[in-house]
Amino acid sequence: LSVFNGTSKLSDISVADFRHFATAGDGLFGSIGAVLSLYGFWQRQYAMPAEVGLMSWMLPLILLLLSAAGAWYLYKKYGKIAVYPFALLPIVVILASGFGSPLTLPFTSVMIRLVPGYTGLRDTAKLVGVIAAIYAFYLPYGLAVLQRELKKAWQILGNRRMVAGGFLVVY
């Protein structure tokens, strides 16, 4: 930042300067994938999963699918009031990604101009906490749905094996 060399003033700080503090991301999904995986706010203090050879796309996909299944279950059981927190997820992801993604950069730039005090910085860790809370609420229901569906599939598969086995005995 040119502000720290003594020749400038704080009014010279622009959106371009804030990009130096963008949320970290991997090469595949960028900062949005990092935020959904709950590791985007670490910057480069720790190795990113993609850098150590892990399939970084799997974690956010699994978390999102199970959370969505839990939200769907709660929606069917309690109505739309049960999915309001899940509906916040896209907004929180956009705010948490900030300058880290070309998809969220225009929104972040507009927010900086319109919302007093909003910088798009240092908010990622707080917002990732909101994402973690959303996951914590919906994941158990999603896992229960997965368990129920797998149990049904196992029973259907078991019945088909019995029918097939009985058919062979009769034949």
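A residue counts as buried when its relative accessible area is under 20%, as exposed when that area is over 50%, and as partly exposed in between. By that scheme lysine 152, with a relative accessible area of 40%, is partly exposed, and the same vocabulary serves for the rest of this report, which describes a predicted model.

**Overall architecture**

The protein chain contains seven helices and zero strands, so that its elements, read from the N terminus on, run α-α-α-α-α-α-α. Of its 171 residues, 33% count as buried. The chain exposes about 11300 Å², of which carbon and sulfur atoms supply 70%. Among the contacts with a sequence separation of 6 or more, 59% are accounted for by residues 24 or more positions apart.

**The nonpolar core**

The largest nonpolar core has 25 residues, and those with the most contacts inside it are Phe86, Leu89, Ile131, Tyr135 and Tyr138. Two or more residues are given to this core by each of α2 (30-36), α3 (58-78), α5 (89-97), α6 and α7, and the largest share, seven residues, comes from α7. Leucine 89 can be followed in more detail: leaving aside its neighbours within four places in sequence, leucine 89 is in contact with Leu64, Ile131 and Ile134. Leucine 89 is also listed among the buried residues of α5, together with Val92, Val93, Leu95, Ala96 and Ser97.

**From α5 to α6**

Just after α5, glycine 98 takes a positive phi of about 50°. Threonine 104 has its place further on, in the loop between α5 and α6, and is buried, with a relative accessible area of 2%. Not counting residues up to four places away in sequence, threonine 104 touches Ile32, Ile94, Ser97 and Gly98. Serine 97 also features in a pairing with glycine 33: the two are 64 residues apart in sequence and 9.1 Å apart in space, C-alpha to C-alpha. Glycine 33 is found in helix α2 and is buried, with a relative accessible area of 6%.

In helix α6 (residues 105-114), the buried residues are Leu105, Thr108, Ser109, Met111 and Ile112. These residues lie on the same side of α6, because they cover an arc of only 160° around the axis. On the other side of α6, Arg113 and Leu114 are exposed. As a general background to such patterns, an α-helix has 3.6 residues a turn, so residues three or four places apart point the same way.

**Charged pairs in α7**

The count of salt bridges comes to two, and the table sets out the N to O distance for each.

| Acidic residue | Basic residue | N to O distance |
|---|---|---|
| Glutamate 149 | Arginine 148 | 3.7 Å |
| Glutamate 149 | Lysine 152 | 3.6 Å |

Arg148, Glu149 and Lys152 are thereby linked in a network of salt bridges. Glutamate 149 and lysine 152 are three residues apart in helix α7 (residues 124-170), and therefore separated by about one helical turn. As for accessibility, glutamate 149 counts as partly exposed at 37% relative accessibility, and arginine 148 likewise counts as partly exposed, at 36%. Lysine 152, with its relative accessible area of 40%, is partly exposed as well.

**A nonpolar patch on the surface**

Nonpolar side chains also appear on the outside of the model, where Trp57, Met58, Leu61, Ile62 and Leu65 form a surface patch with about 450 Å² of accessible area together. Tryptophan 57, one of the residues of this patch, is found in the loop between α2 and α3. Its relative accessible area is 34%, so tryptophan 57 is partly exposed.

Notes. Residues numbered from 1 in each chain as written. Predicted model: local features only at pLDDT ≥ 70, side-chain atom pairs only at ≥ 80, totals over all residues. Heavy atoms only, no water. Buried < 20%, exposed > 50% of the residue type's maximum accessible area, 1.4 Å probe, protein only. Helix = DSSP H or I, 4+ residues; strand = E, 2+ residues; numbered from the N terminus. Arc of directions from axis to C-beta. Salt bridge = Lys/Arg side-chain N within 4 Å of Asp/Glu carboxyl O. Contact = heavy atoms within 4.5 Å. Areas by Shrake-Rupley, 256 points an atom, 1.4 Å probe, with all protein chains shown as cover. Core = buried A, V, L, I, M, F, W, Y, C linked by side-chain atoms within 4.5 Å. Patch = residues over 30% accessible without salt bridge, like charges linked within 9 Å, V, L, I, M, F, W, Y side chains within 5 Å.
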